[in-house]
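Student: Could you take me through one part of this model closely? I would like a single connected account of one helix.

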Amino acid sequence: MTSAKTVLVSGATGHLGRWACHRLASNGWSVIAASRSGAVPEAPFGQTAVSMGALKVDLCSDAAVDVLKRVLTPEMRLVHLAAWHPPATASTGPGERRALIETNVLGTMRLLDAAKAAGTPHVVYASTFEVYGEPQQTPIAETHRTYPLTDYGATKLSGEHHLAAFAYEEKRTGVSLRMPAVYGPGEVTKRALPNFLSQCAAGVRPTVFGDGLDQRDQLHVRDAARAIECALGVDFAAQFAIGCNVSDGAAHTIEALAREAMRAAALEGEPERKERQKPRRDYHMSIARAQTLLGFEPSVSLAEGMAEQLAWLTAKK
């Protein structure tokens, strides 16, 4: 598996990893799915299994560098999705901070050390909107200051910086994709959208805190996988490294998410209301750079994506 369209994907058995590997393999890429288990990723919900290779590697171990060096080549591209976050990204304890640094910072550096030694020319890295911290204005462009409010966001920003240094020093291409929390079949993270769908699937009206006007970007996992493939298809060698926001491009309110979940489940009435617990913050990013430089266009509407995730939740019962 050393053709010009060969790609190694770290974190391949995670939520986004499964969909990214499936999309790339379906579109003619020879995929090496790398994970701690070494398992071939399961086919995503509603998809047919496709052929791909697998590699067992633990980025939390220094031995990962040698494992990856034996597989990576100067013709191969690399997608780095492996990461860890605590159940509540806004609250981390000492043990969780150590895990964040070991996986998201040192793990990324180990992967880049292997890419450097192997001559790998192109790395795509999954980052997060959390690198921006407190939004100063919306929509948030890539020129917005990066000042994370969470340890998770800080470690992902560190990964961006190490990728930029790698790309500059080695004269190679690095693309960081700043994504919101990715939703769609297979998502298990506890946050507003999946919580609303789970409540509605159980026949319970979703709970909205405060006026529900806080804005949150959304990105369906199929569009996230699409963005990764777009990023693999461009060459920024003259710029060495670049970061792009990726989302569905719309400013969704928490209220709108709750109501869409109710529509998907054909649940009548109004969302439940409780007092606001957190200060309002609007996280809505501009995707103009991704559209221009990557050729990325989102294709999954919120209604379609939430209905698909609800179908997956229902099928799990």
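Tutor: Happy to; here is a close look at helix α3 and what surrounds it. This is a predicted model, in which local features need pLDDT of at least 70 and side-chain atom pairs count only at pLDDT 80 or more, while totals for chains, interfaces and linings use all residues. Residues are numbered from 1 along each chain as its sequence is written, and side-chain values use heavy atoms, with hydrogens and water left out.

Helices here are DSSP runs of H or I with at least four residues, strands are runs of E with at least two, and both are numbered from the N terminus. Helix α3 covers residues 94-118, 25 residues in total. From first C-alpha to last, α3 reaches 35 Å, close to the 36 Å expected at 1.5 Å a residue (the expected span is 1.5 Å times one less than the number of residues). Even so, α3 has a kink of about 30° centred on glycine 107, where the bend is the angle between axes fitted to the seven residues ending there and the seven starting there.

Glycine 107 is also among the buried residues of α3, together with Leu100, Thr103, Asn104, Leu111 and Ala118, among others; buried means under 20% relative accessible area with a 1.4 Å probe, protein chains only. What do the buried residues of α3 pack against? Their partners are the strands β1 (6-10), β4 (77-80) and β5 (122-128), plus the helices α2 (63-69) and α4 (151-170). Finally, glycine 119 follows α3, with a positive phi near 80°.

How values were computed: Buried < 20%, exposed > 50% of the residue type's maximum accessible area, 1.4 Å probe, protein only. Contact = heavy atoms within 4.5 Å.
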